[in-house]
Amino acid sequence: MAEREFLLYDTMSRQLKPLRTLEPGHLRFYSCGPTVYSYAHIGNFRTFLTGDLVCRVARALGWRVSYVTNITDVGHLTQDDVADASGDDKMEKALQSKEGEAFANVWELADHYANAFKDDWRKLNLQEPMLWPKATQHMREQILAIEKLIEKGHAYVTPSAVYFRISSFPDHGKLSGNIDKDQLQVAVRNVVVDESKENPSDFALWKRDDKHLMQWFSPWGWGFPGWHIECSVMAMAYLGETLDLHAGGEDLVFPHHESEIAQSECLTGKTFSNHWIHTRFLQVDGEKMSKSLGNWYTVRDLVVDKEINPLALRYALISVPYGKPLNFTMQTLKDATSTVERYAECQRLVALSKSKGSSQGDADNFKQELDRLYDETLEALCNDLNTSVALAKAYEGTKVILRESDSLSLQQGEAAGQWLERINDLLGIVHSDYGSLEASDFSVAPQESAATELMAARTEAKKAKDFARADAIRGQIEALGFEVRDTPEGPILKKLGSAL
Ligand SMILES: [Zn+2]
């Protein structure tokens with residue numbers, strides 16, 4: 001049988017194309033994470049769920065997945081989407097708000113929302129990425145990258161900032177189609193505050209600001225990095241100079257991803273990512289989510305305050321393929337709730353068959369039917385993550401199981417149990433991968449497994465004599481609370497501070 005292809009619509013080439021990995025069977029995938037100045041809303045999570053489904057499908061195809069999603073905790077300004085490096089810092093502004101009064105400083109605020117984000121992530125049953133790198137933990141790499149861009153003539157220094165020189169990268173605009181330089185200038189002209197900028201559309205790599213609440217010392221004085229540079233350096237530090245896949249919400253195509261491409265490709269001379277996917281917006285009741293309309297929902301608004309089953313929320317958010325706008329309504333959520341209850345009923349029948357099921361009867365046809373439906377579910381997901389077809393196919397499987405009701409034989413029960421597990425691995429809608437643990441119980445195991453993966457990446461970097469990368473990875477391992485000790489038998493992982 002020919003190997004199944006995983007087709008995804010590529011924003012760059014504007015066509016559906018098979019996802020390929022540079023290293024056979026190993027997907028290296030980066031997705032832009034949240035800016036942690038408040039609780040993430042369900043629209044943010046629609047995007048992260050796209051990344052989660054990509055990882056689940058890749059694993060079902062037998063690939064190894066190295067998935068990195070960052071946490072932006074510095075440098076993202078309120079006007080960055082429309083005008084480069086202007087407006088207030090999102091983190092500082094949050095600290096000055098009513099909610100900000102609960103925090104002693106901006107670091108504490110960032111920590112709080114980063115942890116809340118991870119709790120929501122687990123509640124919605126997204127699998128852990130290999131790593132959640134933070135911008136503030138990669139200052140050295142960002143400064144080195146900016147120095148290199150200046151050296152190569154792709155960036156310049158003004159009294160107030162360091163800017164990327166767009167005219168030095170003719171490919172700028174290839175992702176978004178924003179290639180009309182005059183148009184680009186119009187979009188930002190009104191808000192250019194730095195008169196010494198060579199070109200209004202150049203974007204900031206570093207902002208000098210010795211009043212900023214989060215600041216670092218750099219060759220250009222005290223200040224902080226621009227929003228885009230963190231993703232370039234963190235993606236390349238952990239996944240290599242060319243990624244197989246890069247993802248984000250549709251709002252990130254321009255300027256964020258366009259800027260990531262410019263920086264990265266000027267640094268390495270190589271293609272930054274071979275494939276790009278973007279998730280469309282979510283609307284609520286046919287309108288853009290907004291706090292003033294009262295249709296703004298965070299995960300905790302629904303799961304904690306309204307006691308919605310988190311798996312039902314997950315189901316509703318993936319019910320429409322990521323490439324189409326999703327209109328989220330309370331009815332969608334109600335329907336999703338009754339569907340995930342069907343899966344719970346299937347699980348109950350499987351459990352019952354273990355104690356009461358007869359060993360009589362032929363389970364072959366039953367199993368074949370379920371296998372076929374699993375295959376069709378996977379096939380739909382491999383067709384640009386067509387979740388509406390995939391969920392419908394899986395739903396047919398629940399009919400097959402429920403049709404037998406509590407007369408499920410021992411063998412049928414076994415087949416049904418395996419099918420439910422495989423469907424859960426693919427779609428994450430049958431039961432939580434995190435069991436019934438409280439969020440606070442999650443902290444150790446995933447960190448240890450991430451540290452182990454990183455240790456392997458560090459060994460590879462050392463073999464390739466890429467010592468800067470090996471060092472950066474060591475720092476990340478330490479941030480997870482572990483250290484690597486090189487022994488004659490090879491590197492081993494220890495808890496930081498452990499005497500043994
Ligand atoms: Zn990013």
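**Exercise 1. Place aspartate 111 and state how accessible it is.**

Step 1. Aspartate 111 sits in helix H3 (residues 106–123). Helices here are DSSP runs of H or I with at least four residues, strands are runs of E with at least two, and both are numbered from the N terminus.

Step 2. The relative accessible area of aspartate 111 is 39%, so the residue is partly exposed. The cut-offs: buried is under 20% relative accessible area, exposed is over 50%, partly exposed is in between (1.4 Å probe, protein chains only).

Step 3. From C-alpha to C-alpha, aspartate 111 and leucine 124 are 20 Å apart in space and 13 residues apart in sequence.

The model is predicted: local features need pLDDT of at least 70, side-chain atom pairs count only at pLDDT 80 or more, and totals for chains, interfaces and linings use all residues. Residues are numbered from 1 along each chain as its sequence is written, and side-chain values use heavy atoms, with hydrogens and water left out.

**Exercise 2. Describe the site of the zinc ion.**

Step 1. List the protein donors: Cys32 (SG), Cys231 (SG), His256 (NE2) and Glu260 (OE). They lie 2.1 to 2.6 Å from the zinc ion. Donors are N, O and S atoms within 2.8 Å of the metal (3.2 Å for Na, K and Ca); water is not among the atoms, so sites may look incomplete.

Step 2. Classify the geometry. The angles among the 4 donor atoms run from 75 to 128 degrees, and the site is irregular. Four donors are tetrahedral if all angles lie between 85 and 135 degrees; four are square planar and six octahedral if opposite donors are over 155 degrees apart and all others between 65 and 115; anything else is irregular.

Step 3. Read the spacing along the chain: C-x198-C-x24-H-x3-E.

Step 4. Locate two of the donors. Cysteine 32 is in the loop between strand S3 (26–31) and helix H1 (42–60), and histidine 256 is in helix H7 (residues 253–268), so this pair ties together parts 224 residues apart in sequence. Cysteine 32 and histidine 256 are both buried.

**Exercise 3. Work out how H1 and helix H9 (residues 310–317) cross, and which residues make the contact.**

Step 1. The two axes come within 10 Å and cross at roughly 85 degrees. Axes are lines fitted to C-alpha atoms, for helices over the stretch in contact, with angles from 0 to 180 degrees between N-to-C directions.

Step 2. H1 and H9 are therefore roughly perpendicular. Under 35 degrees counts as roughly parallel, over 145 as roughly antiparallel, 65 to 115 as roughly perpendicular, and the rest as oblique.

Step 3. H1 contributes Ile42, Phe45, Arg46, Leu49, Asp52, Leu53 and Arg56; H9 contributes Leu313, Arg314 and Leu317. Contact means heavy atoms within 4.5 Å.

Step 4. Turn to the core. The largest nonpolar core has 142 residues, and those touching the most other members are Ile42, Phe45, Leu313, Leu317, Phe328 and Leu427. Such a core is a set of buried Ala, Val, Leu, Ile, Met, Phe, Trp, Tyr and Cys residues joined through side-chain atoms within 4.5 Å.

Step 5. Look at leucine 313. Beyond its neighbours within four places in sequence, leucine 313 contacts Ile42, Leu124, Val299, Leu302, Val303, Ile308, Phe328 and Leu333.

**Exercise 4. Find the backbone features at proline 255, arginine 14 and leucine 385.**

Step 1. Recall the norm. Most residues other than glycine have a negative phi, and most peptide bonds are trans.

Step 2. The bond from phenylalanine 254 to proline 255 is cis, with omega near 5 degrees. Proline 255 belongs to helix H7.

Step 3. Arginine 14 has a positive phi, near 55 degrees. Its loop runs between strand S1 (7–10) and strand S2 (15–18). Arginine 14 has 41% relative accessibility and so counts as partly exposed.

Step 4. Leucine 385 also has a positive phi, about 50 degrees. It lies in the loop between helix H11 (364–382) and helix H12 (387–404). Leucine 385 is at 1% relative accessibility, so it counts as buried.

**Exercise 5. Characterise the surroundings of serine 176.**

Step 1. Serine 176 lies in the loop between strand S6 (161–164) and helix H5 (181–189).

Step 2. At 23% relative accessibility, serine 176 is partly exposed.

Step 3. Outside its neighbours within four places in sequence, serine 176 contacts Arg14, Val253, Phe254 and Glu258.
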